[in-house]
Each structure stands twice: as structure tokens, then as C-alpha cells.
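Biologist: I should like a close look at a single part of this protein for a first-year student. Please describe the largest cavity, together with the elements and bonds connected with its lining.

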Amino acid sequence: MTWARALLLTFALSLAAACAAPTPTPTLIPTAAKDPIVFNDLGWDSALSQNRIAQYIVEKGYGYPTGVIEGGTTEALPALRQGDSDVMMELWLPNASEAWEEATVAGEAVSLGESLSKLSQSAFMIPTYIQEAHPDLDSVEDLKEEQYRQLFAAPGNNGKARLVSCPDGWACNVVNAVQVDGYGLSEHVEIVVPESEAALHDGLFARYEQREPWLGYLDSSMAPALKLDMVRLEEPPYSHACWATTKACAYDETTLLIAVRPELLMRAPEVAEMLRRWDLSAGHYKTMSVWRIDNDASHAGTAIWWLNNNPGVWRQWVTDEAATAIQEALEGGERAKGWPDQ
């Protein structure tokens, strides 16, 4: 090959290399971030305990961030309907029957089943030692008698019986006021609204320790109901007709629904399926609650304790992959990022 042909060939190869398409740089498509799932922190112990467990499962098992917004039923259900929250672990029926019907008819909330075994509740609970000392005090009608009004009266309330109701924002606070009126007790009973569930509990525990009279609302998930010997004053049995009008009858057996935004079923179907399988028995809740009280533990700490000690229960709610991830998080001492600080 002559030097001229060699030069020509070298030039041709260089031109071909310059004109060749550059090797493309791979484009990495990031995995879409999952939107947070927001829970209603309803302000009472059973709901807070269930929220902490559910948040842990949702974060560690399914990879969704979680968050909470505070407020009782009268604030939580509107928040759910407006899309400010996604999950309400305890929608109490019959307490919020009318509001729940409105939400479902409007297509703004759906139920995924029950979250906790059925509970009992009443606004007319007294310590057993009071009934033993006053055996004729066994009915709400007895509160119309002077001797029993005076028994529960407090200084400055005009001799009316002091009835401790639910905190403001709880549906039962509204129901209890209607019941007092329906029973014709407005002239005989003064309703006291505690600032919180803790205030209600503290007041009852203190009076119980001193063997003093106490009259008020309890449900079977509350700490005093689990720890103290209490009895309910007799009331007419529940009926739908009564509850739809005066409510001058006993509460029906309570159903606790898991209420969610309809969009959650499409946005996080695996989480919705987990919530459908959710089943926390009264026995498990009582064990959890007593442990929390005895150890002065937070609801978050109680959730960790319960998850560590009851894998045979919660594993039935989740997929195998989620169960493995949750177990690894527990063994690593991880907390849920969406838990409040307390």
C-alpha cells in the first residue's frame, strides 16, 4: 500500500468514527414515591393503640409513609370525608350512626370491617362499692330521688348529681346529653365534660381509691373499666326507634368500624386488604391495655411490645413479604416515622 492510500484510509476511518452515533447514557426512572397514609388520632386509648400498630405495619411492611391528625369523632369524620385523612380505625356505632350514614351515602367513606371486638358502654356507671352501700340505687330513675342526687352532688352545683361525660368532640358526649334529657334528668343531673380521657380516668381512680361516689360514662375498653369493679345503672333496653328519637334507653352493643377514604382502595390496595383482615380481639386489647397501664408505657411503646409478642396474630393480616419486613424492623428496634413524639 502506498503512502497516499494509507493516508486516505486513515482519514476515512477517522471520519466514520466521528460520524457514528454516540453510545446513549441509560436513563434511570425513579420509583414513584408513595403518598402518606394519614390516620385519625381520635384521642382515646383504644384508637391510639390501634393506630400505632397499624402505622407500624403500613410503614415497615408496605413502605408507605404515615401521618396523623388529631381530633375526636365530630372532627375526624369530616376530615375523612374531605380527604384530609385516609383511615379512621374506630368509627363507633351507634354513637355516630347519623353522621356515618351521611358519609357513606355521599360516597365519601367506606368501611373495611370491624377493628376491635364489640364493646359495651354507658353514661350511668358507678363503683360497685356505692351500690353495695345503697342497694336500692340500681336504676337511672333513682337519680331523681333527693338522697341519690345528694350522694353524687358537688359543692356549687345546686344539689344536682354530678355525671362525668365524655370529652368534647367525642360523639358519646352529644349522646349522653340527649340521654339525660330523654330520661327527664335535666333537673336532677349536671353533666361535667372532662378535658380528656386521661382526666376522666384520673378523677375516677382518685375517687375510687378514697371510696367516694362517682357517676359517669365508661366503655369496656377504658382503663377504669379494665381495672376497677364498676356496675351500670339499669336502663330500658336498646331499640332502633328509641335511639332514633329520645335515646332514653341503653346503648346498643358497640360496633367499631374501620372507615377509609374510597380512594385508598385504588391507591393502596395491599393496605386496604390488610385492614380488611384486621381483627384485634377484646382479650388481646385488654392484655395490651393492662400492660400499658402497669408499665406506664406510651401507645407507641405498647405497639412495639404487642407486635413483638403476638406475631401469630398480626401475621394473619399481612402478606408473607410484609411479615418478613415487619419482623426485621422489630428486631432492628425501629420506630415508625409517622408516630407522634409522645
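Modeller: The account below begins with the cavity and then follows its lining outwards. The model is a predicted one, and every value that follows is computed from it.

The structure holds 1 cavity of 30 Å³ or more. The space inside this largest cavity comes to about 90 Å³. Its lining is formed by W44, T73, W92, N95, W170, A171, C172, Y217 and D219. By character, the lining residues divide into 6 nonpolar, 2 polar and 1 charged. Two elements, the helix α7 (171-182) and the strand β8 (216-219), each supply at least two residues of this lining.

The helix α7 leads to a further feature of the chain. Together with β6 and β7, α7 makes a β-α-β unit, and this unit is right-handed. The two strands of the unit, β6 (residues 161-164) and β7 (residues 189-192), run parallel and are joined by 4 bridges. One of the residues concerned is V164, whose bridge partner in β7 is V192.

Among the lining residues, C172 deserves separate attention. C172 forms a disulfide with C166, and the two sulfur atoms are 2.1 Å apart. The torsion about the S-S bond of C166 and C172 is -130°, and the link is left-handed. Are these two cysteines buried or exposed? A residue is called buried if its relative accessible area is under 20%. C166 has a relative accessible area of 0%, so C166 is buried. C172 has a relative accessible area of 5%, and therefore C172 is buried as well.

For completeness, the other disulfide should be described too. The structure holds 2 disulfides, and one of them joins C242 to C249, with a distance of 2.2 Å from S to S. The disulfide of C242 and C249 is left-handed, because the torsion about its S-S bond is about -110°. C242 counts as buried at 11% relative accessibility, and C249 is buried with a relative accessible area of 1%. When the bonded cysteines of the chain are numbered in sequence order, the pairing reads 1-2, 3-4.

To return to the request, C172 is the residue that links these topics: C172 is one of the residues that line the largest cavity, and C172 is also bonded to C166 in a disulfide.

Note on methods. Residues numbered from 1 in each chain as written. Predicted model: local features only at pLDDT ≥ 70, side-chain atom pairs only at ≥ 80, totals over all residues. Heavy atoms only, no water. Disulfide = S-S within 2.5 Å. Buried < 20%, exposed > 50% of the residue type's maximum accessible area, 1.4 Å probe, protein only. 1 Å grid on protein atoms, 1.4 Å probe; cavity = no way out; pocket = protein on both sides within 12 Å on 5 of 7 lines; lining within 4 Å. Points joined across faces, edges and corners; volume = space filled by probe spheres on them. Nonpolar A, V, L, I, M, F, W, Y, C, P; charged D, E, K, R; others polar. Pairing = 2+ DSSP bridges. Right-handed = clockwise from strand over helix to strand, strands pointing away.
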